Amino acid sequence: MAVEVKMPQLGLTMEEGTVSKWFKQEGDAVKVGDVLLEITTDKLTSEVTAEAEGVLIQIVAQEGEDIPVKGVLAYIGDSDEKIDKKADSPIQSPTPPPQKPMGETTVAVIGGGPGGYVAAIRAAQLGAKVTLIEKNKLGGTCLNVGCIPTKAILHAAESLTQVQEMEEYGIHVEGTHVDWNKVQKKKTAITEQLVSGVTGLMKANKIQVMEGTASFVSKDTLEIVKNDGTKENATFDKIIIATGSVPAIPPIPGVKENENCVDSTGALSFDTVPQSMIVIGGGVIGMELATAYAKFGTKVTLLEAMPKLLPLMDGELTVQLRKMMEAKGIQILTEAKVQSVEPAAVGAKVNVAFDGRAVAFEAEKVLVAVGRRTDTQALNLDAVGIENDRGRISVNDKMETSVENVYAIGDCLGKVMLAHVASVQGEVAAENALGHNAVYHGETNPSCVYTDPEFAGVGFTEEKAKESGIAYEVGKFPLIANGKSLIMNGGIGSIKFIIGKEYKEVLGVHILGPRATDLIGECALAIGMEATVEDIIATIHAHPTVTEAIREAALATEKKAIHIPNK
Ligand code: FAD
Ligand code: NAD
């Protein structure tokens, strides 16, 4: 039985490679490990070796040909075996060139969040006549009740901590106090400024904004129930669904009835800083708001049902972050199953099954942050045959739904719920709607958590690398050995590289430390460019910066880090 020689995947984003040189010819005997050919990508040159012993019975891909990852390059077998090249070759024909933008195409975008408004702008840039329908406020969750207000509150909290910690630099600040009304006002002002910026962008791009709720009447027609109570039906050539998500409310008895139980939107607009708060859910929202309120003096208890906090982040660094948060006085319980919530004199009592016992915690407020669900109920998806899994819309990598000319992007897919992902998917959907050929690649998507210190990752976590069965190596660098980190936060945190064992390609980078959420950009670029660890090492990083530690962590994969002993 002939064995296929396939195009290897040398990096997370690699889709194809070019056959640059064959070192063996048809009919040559080969042994395991023999170099058969050389391949190149935009970034790399690599050798492909034989994984079976026998005769190179057929070369399928000739020098100069571009072959997709996992495409067959040749066959190794017995000398008398024959392969029908045409029947077996999985080589795909090149994708057709993009068509020209269609000047008069009408496009409707449902939802004005970071997915929808970006899709609308890109569609307008490509010459379409665009209508954006938004039932609430432009900017969606992100600008109004998500990314931006959270980070404004976190910035205020971080500034307070910085003032308090200035003492060790000899700066005495007396009489610090928090004016919570002003914190809220500043948060609202930032949000309003950004929303008005989006409104301006809609005008500048000649996008018609309709204030109302849209639902499908047929595959190309929407009913829009306007906020003024009137109704209108409108037909479009293309429709992009970007209706986002809303907080999920778990079926925990007592939660719905208790006015002290709030979701993230409620927790961003408390009248006063609560004395105490229980956070149900140790995901991104729970960890960020626990960080913020603990800094303002709230006694925070965080309850997570699973053994691990932050489901998507690297496990080892998550454990480090947990210890840092506990050291700052946040009480954290994992494998804590919330049974019920009941009223209490202080606010609410949360009954929990933990470590085989029944325990209870009382607090003024309870933040329920156990995930979000898609906001697609009003759309009438099933009636027009748009495939979905309990409201999570199914799409391919061109953001096309099961119905022709209808696309979906962002949180309403119920997968990766991040603003930057929604925006990129919006660009892809708009481009495809206007006749281009765009594809969404999630490999360079960074996950950022705005804790103290910040936590960011891109690519494979160590858990994912293990699970995928890929041979990998790890390099770590503690920030205590980095001058700028020592200045900024006492050197708390570390950087971790995951690289492929054979080709040294960057598979994942994880940073726990000051400005991690900014630093991760370099690492996302490395993955996007299919960089190897040598590329990072060959790049000079400025001193004194935290970025030097990225290079040191890359060096650590080769046991060549300069400022730590290499084990
Ligand atoms: P959304 O922003 O939810 O926008 C959807 C819009 O559609 C809404 O305005 C809604 O009113 C409208 N709509 C819904 N149905 C209809 C209809 N039928 N007709 C008309 N309009 C409709 N992500 C990050 O990347 N970084 C962060 O730091 C971050 N922090 C967050 C903090 C919090 C507290 C929360 C809750 C989320 C955070 N997120 C963050 C997630 C981010 O906000 C979302 O991933 C992002 O907003 C999704 O964009 P979207 O356009 O898909 O949906
Ligand atoms: P999440 O999925 O990040 O975390 C939810 C957590 O709640 C999980 O760890 C889960 O195990 C836990 N949980 C579920 N049921 C529970 C229960 N009954 N008791 C205790 N724990 C329970 O969801 P989230 O924190 O609500 O955030 C929603 C989404 O918003 C995230 O998916 C994220 O994409 C986005 N977000 C992103 C950022 C950021 O990028 N910085 C910030 C905030 C939110």
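1. Start with Ile487, which sits in helix 11 (residues 483-489); helices here are DSSP runs of H or I with at least four residues, numbered from the N terminus. This is a predicted model, where local features need pLDDT of at least 70 and side-chain atom pairs count only at pLDDT 80 or more, while totals for chains, interfaces and linings use all residues. Residues are numbered from 1 along each chain as its sequence is written, chains are lettered from A and ligands numbered from 1 in the order written, and side-chain values use heavy atoms, leaving out hydrogens and water.

2. Is Ile487 buried or exposed? Ile487 is partly exposed, at 48% relative accessible area (buried is under 20%, exposed over 50%, partly exposed in between, with a 1.4 Å probe and protein chains only).

3. Now look inside. The largest nonpolar core (buried Ala, Val, Leu, Ile, Met, Phe, Trp, Tyr and Cys joined through side-chain atoms within 4.5 Å) has 55 residues, and Ile240 is one of those touching the most other members. Helix 2 (residues 116-125) gives this core its largest share, 7 residues. There's also a second, separate core of 34 residues, including Phe270 and Leu512.

4. Which residues does Ile240 touch? Leaving aside residues up to four places away in sequence, its contacts (heavy atoms within 4.5 Å) include Val107, Ala119, Tyr407 and Ala430.

5. Finally, find Asp179 in the loop between helix 4 (147-165) and helix 5 (180-204). Asp179 is partly exposed, with 39% relative accessibility. Asn396 is 217 residues from Asp179 along the chain, and their C-alpha atoms are 49 Å apart.

Notes:
Helix = DSSP H or I, 4+ residues; strand = E, 2+ residues; numbered from the N terminus.
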